[in-house]
Amino acid sequence: MSPASLPQTPHESAPLDSSAAAYPGWRDLWSFLRTWRRSPGRVGAIAPSSVALARLITSEVAAAPGRVLELGPGTGVFTRALLERGVREEDLVLVEAAPEFAALLERRFPAAQVLRADARYLPHPLSRVGSPVSAVVSGLPLRNLSRRHRLAVLLGAFGHLAVDGAFYQFTYGARFPLPRSWTDRHGFKVQRLGRVYGNLPPATVYRVTRRAASRWIGA
Ligand SMILES: C[S@@+](CC[C@H](N)C(=O)[O-])C[C@H]1O[C@@H](n2cnc3c(N)ncnc32)[C@H](O)[C@@H]1O
């Protein structure tokens, strides 16, 4: 991801490509619902995200060299959007805790590295990854985690991000899932990237960068 490509102003819903369905197919809906029934708190949604949300959350992740880390890919709606953006499948590292989703991801994206792991403890599973990643795209239901675990996810992700890399998170809530005082204390800058009304429920996407990095990004 190139810092120069980061937009300076937030925007609302990314336009929907009229040739694409707004939501992934029935098979994904069914798979989601089944997994949600077994573990509602961890899955955090009864259906996959919309294509519009996938486009917004991946909108700044260009086909730059370097790996991209995705947390909580589920059935892979953001993963597909990343591939559409030109990220190579072999540059994707997918961290998924639900075994049924991890198995599905392995079948769908055979060249990607699928880690069946808990994103709250990122340093451990990612020690197998190696070089820093250029972006982290998170579909984790952060609001269902304790604040301590939310922070652990963020710190763990930044432990693997390149210095000018960014972390992208969506939320159904009214604000970013960590208080400003916490993100300030750890030197993170949180910016609202936009809101997608065509998602059920509507969701807001945030970009988190390191304060020092955002100074030279000019944001
Ligand atoms: C709200 S769903 C989002 C799925 C997909 N990104 C989407 O937007 O459709 C949350 C996903 O995060 C996964 N997940 C939840 N907690 C996790 C954790 N601690 N570590 C890794 N994956 C987790 C769930 O299994 C599920 O796939």
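Here are legends for a few close-up views of this predicted model. Residues count from 1 along each chain as its sequence is written, and side-chain values use heavy atoms, leaving out hydrogens and water. Local features need pLDDT of at least 70, side-chain atom pairs count only at pLDDT 80 or more, and totals for chains, interfaces and linings use all residues.

**View 1. The ligand and its neighbours.** There are 22 residues around the ligand, and Ser-49, Gly-72, Glu-96, Asp-118 and Ala-119 come nearest (a residue is near if one of its heavy atoms lies within 4 Å). Helix 2 (40–43), helix 4 (77–84) and strand 2 (92–96) each give at least two residues to this shell; helices (H or I, at least four residues) and strands (E, at least two) are DSSP runs, numbered from the N terminus.

**View 2. Polar atoms beside the ligand.** One ligand oxygen is 2.6 Å from an N or O atom in the side chain of Glu-96. A ligand nitrogen is 2.8 Å from an N or O atom in the Asp-118 side chain, and a ligand nitrogen is 2.9 Å from a polar backbone atom of Gly-72. The protein covers 97% of the 590 Å² of accessible area that the ligand has on its own (Shrake-Rupley method, 1.4 Å probe).

**View 3. An arginine over a tryptophan.** Arg-147 lies over the face of Trp-182, 5.8 Å from the ring centre; the cut-offs are CZ of Arg within 6 Å of the centre and within 35 degrees of the ring normal.

**View 4. A cis proline.** Most peptide bonds are trans. The one from Leu-200 to Pro-201 is cis, with omega near -5°. Pro-201 is in the loop between strand 6 (188–196) and strand 7 (203–210).

Technical notes. A polar contact is a pair of N or O atoms within 3.5 Å; within protein, one must be able to donate a hydrogen and the other to accept it, and residues adjacent in sequence count only if both atoms are side-chain atoms.
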